[in-house]
Structure formats: structure tokens, C-alpha cells
Amino acid sequence: AQADERKQEAADANALHRIVKAMRTHSAVAAVQEQACWALRTIATGSGAQVSARAWVAVTKGALPLLEALRTHSNEKVKRQAWIVYASLAEAAFRGLLHLNVA
């Protein structure tokens, strides 16, 4: 519960927007991309009532195209992290859409 609260606090402080912006600004810097992938996955996925909303924010801020573009990054670790986060965000955002359509 405390971890979910911290994730939500980060999201409320525009962390997801800032992470996506850093990914765009420093697209060639492997360390930035790797840490950004970790941060996106940490904040926008997981469990808790707000996870789908956080994932949706990351998606609307443009995270998926950036993560997809990383598939051609020269760093293998960045590629792997990007695909893990891509799948996690897409799944969480989709679950949220399903929930909205069912409710």
C-alpha cells in the first residue's frame, strides 16, 4: 500500500511526463533510456487501484512510440527493458480501458 501511494505521488507530480520528456531529449544516451524504462515500469505498472490510470497517462504522454523506437537502440539492455515496459504499459492501459467499458 505504501509503495502504491509513493507511485501515485510521483504520478501526481508529473513524473511520467518528465520521464517521457527525458527519453525524447536524450534518446541516444543508453543510461538515460535504461533508467527511464525502469522508472516508467516502477511508477506506471504494478498493482493498486490507480495502476491503469498511471499507465494510461504514460501512454498519452507518448511513452509507447518512444519505447517501440528503442528496439533499434545499440544497447541490448535498453532494448530488453524497453520491450518489457512496453508490454507492461500496454497491458495495464488495456485493462483500464476494459474496466471503463464494463463499468
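Trp-83 and Tyr-86 both belong to helix α6, where three residues, about one turn of the helix, separate them. The model in which they occur is predicted. The protein comprises six helices and zero strands, and the order of its elements from the N terminus is α-α-α-α-α-α. Helix α6 spans residues 76–102, and the points below return to this helix under two headings.

**Aromatic pair in helix α6**

- The structure contains one aromatic pair.
- The ring centres of Trp-83 and Tyr-86 lie 5.2 Å apart with the planes at 65°, so the arrangement is edge-to-face; the angle qualifies because edge-to-face applies to planes over 60 degrees apart.
- Trp-83 is partly exposed, its relative accessibility being 37%.
- Tyr-86 is likewise classed as partly exposed, with a relative accessibility of 22%; this value does not count as buried because that class requires a relative accessible area under 20%.

**Salt bridges**

- Two salt bridges are found when the whole structure is searched.
- One of them joins Glu-34 and Lys-77, whose closest N and O atoms are 3.2 Å apart.
- Glu-34 is located in helix α3 (residues 30–44) and Lys-77 in helix α6 (residues 76–102), so this pair ties together parts of the protein that are 43 residues apart in sequence.
- Glu-34 has a relative accessible area of 22% and is partly exposed, while Lys-77, at 41% relative accessibility, is also partly exposed.
- A salt bridge also links Lys-79 with Glu-76, and here the closest N and O atoms are 3.0 Å apart.
- Lys-79 and Glu-76 both lie within helix α6, at a separation of three residues, or about one turn of the helix.
- Lys-79 counts as partly exposed, with 22% relative accessibility.

**Whole-protein burial, contacts and surface**

- Of the 103 residues in the protein, 36% are buried.
- Among contacts between residues at least 6 apart in sequence, 66% join residues that are at least 24 apart.
- The salt bridge between Glu-34 and Lys-77 connects residues 43 apart in sequence.
- The protein has an accessible surface of about 6100 Å², and carbon and sulfur atoms account for 56% of this area.

Conventions. Residues are numbered from 1 along each chain as its sequence is written. This is a predicted model: local features need pLDDT of at least 70, side-chain atom pairs count only at pLDDT 80 or more; totals for chains, interfaces and linings use all residues. Side-chain values use heavy atoms; hydrogens and water are left out. Helices (H or I, at least four residues) and strands (E, at least two) are DSSP runs, numbered from the N terminus. Buried means under 20% relative accessible area, exposed over 50%, partly exposed in between (1.4 Å probe, protein chains only). Contact means heavy atoms within 4.5 Å. Accessible areas come from the Shrake-Rupley method with a 1.4 Å probe; for residues, only the protein chains shown count as cover. A salt bridge is a side-chain nitrogen of Lys or Arg within 4 Å of a carboxyl oxygen of Asp or Glu. Rings of Phe, Tyr and Trp (its six-membered ring) pair if their centres lie within 6.5 Å; planes under 30 degrees apart count as stacked, over 60 as edge-to-face and the rest as tilted.
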